[in-house]
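Here is a short briefing on helix packing. Look over the sequence and the model first, then read on.

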Amino acid sequence: RIRTVMSDKFRLTDKFAMLAGTLDEAGLETDLKIFGEVKGLRDRLFHGKEVSTKELPGEAARDLVRKYLRLHLKAGAKR
């Protein structure tokens with residue numbers, strides 16, 4: 001199912017939810033909220049809206065990437 005979602009035309013948030021739910025179901029709700037905030041700012045930038053550099057979610061985005069990369073590698077090592 002994950003491969004289908006990743007290769008099809010699902011929204012980015014749906015794809016993140018699928019991976020996050022698979023790798024950390026307990027943290028899904030919190031991580032979806034963080035992801036939504038990061039993506040919202042990304043969308044504003046992409047569409048040319050004004051965004052203060054103080055609003056940029058660099059740390060939050062890096063933390064999510066690190067968390068899910070670590071979980072992915074751990075899941076792969078168990079196989």
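Which residues make up the largest nonpolar core? The core has 5 residues: Phe16, Ala20, Phe35, Leu64 and Tyr68. Helix 2 and helix 4 each supply at least two residues of this core.

**Basis**
- This is a predicted model, in which local features need pLDDT of at least 70, side-chain atom pairs count only at pLDDT 80 or more, and totals for chains, interfaces and linings use all residues. Residues are numbered from 1 along each chain as its sequence is written, and side-chain values use heavy atoms, with hydrogens and water left out.
- Helices (H or I, at least four residues) are DSSP runs, numbered from the N terminus.

**Core terms**
- A nonpolar core is a set of buried Ala, Val, Leu, Ile, Met, Phe, Trp, Tyr and Cys residues joined through side-chain atoms within 4.5 Å.
- Buried means under 20% relative accessible area, exposed over 50%, partly exposed in between (1.4 Å probe, protein chains only).

**Helix 2 and helix 3**
- The axes of helix 2 (residues 12–23) and helix 3 come within 10 Å. They cross at roughly 150°. Axes are lines fitted to C-alpha atoms, for helices over the stretch in contact, and angles run from 0 to 180 degrees between N-to-C directions.
- Helix 2 and helix 3 are therefore roughly antiparallel (angle over 145 degrees).
- The crossing of helix 2 past helix 3 is right-handed (the near helix is turned clockwise from the far one by less than a right angle).
- From helix 2, Leu12, Thr13, Phe16, Ala17, Ala20 and Gly21 meet Leu28, Asp31, Leu32, Phe35 and Lys39 of helix 3. Contact means heavy atoms within 4.5 Å.
- This contact has 7 nonpolar, 2 polar and 2 charged residues.

**Helix 3 and helix 4**
- Helix 3 (residues 28–46) and helix 4 (residues 58–78) have axes that come within 10 Å and cross at roughly 135°.
- The two helices are therefore oblique (neither under 35, nor over 145, nor 65 to 115 degrees).
- Helix 3 passes helix 4 in a left-handed crossing (anticlockwise turn).
- Helix 3 brings Asp31, Ile34, Phe35 and Val38, while helix 4 brings Ala60, Ala61, Leu64, Lys67 and Tyr68.
- Leaving aside neighbours within four places in sequence, leucine 64 touches Phe16, Asp31, Ile34 and Phe35.

**Loop**
- Glutamate 25 lies in the loop between helix 2 and helix 3. Its relative accessible area is 65%, so glutamate 25 is exposed.
- Glutamate 25 and lysine 39 are 14 residues apart in sequence and 20 Å apart in space, C-alpha to C-alpha.

Note on methods: Nonpolar A, V, L, I, M, F, W, Y, C, P; charged D, E, K, R; others polar.
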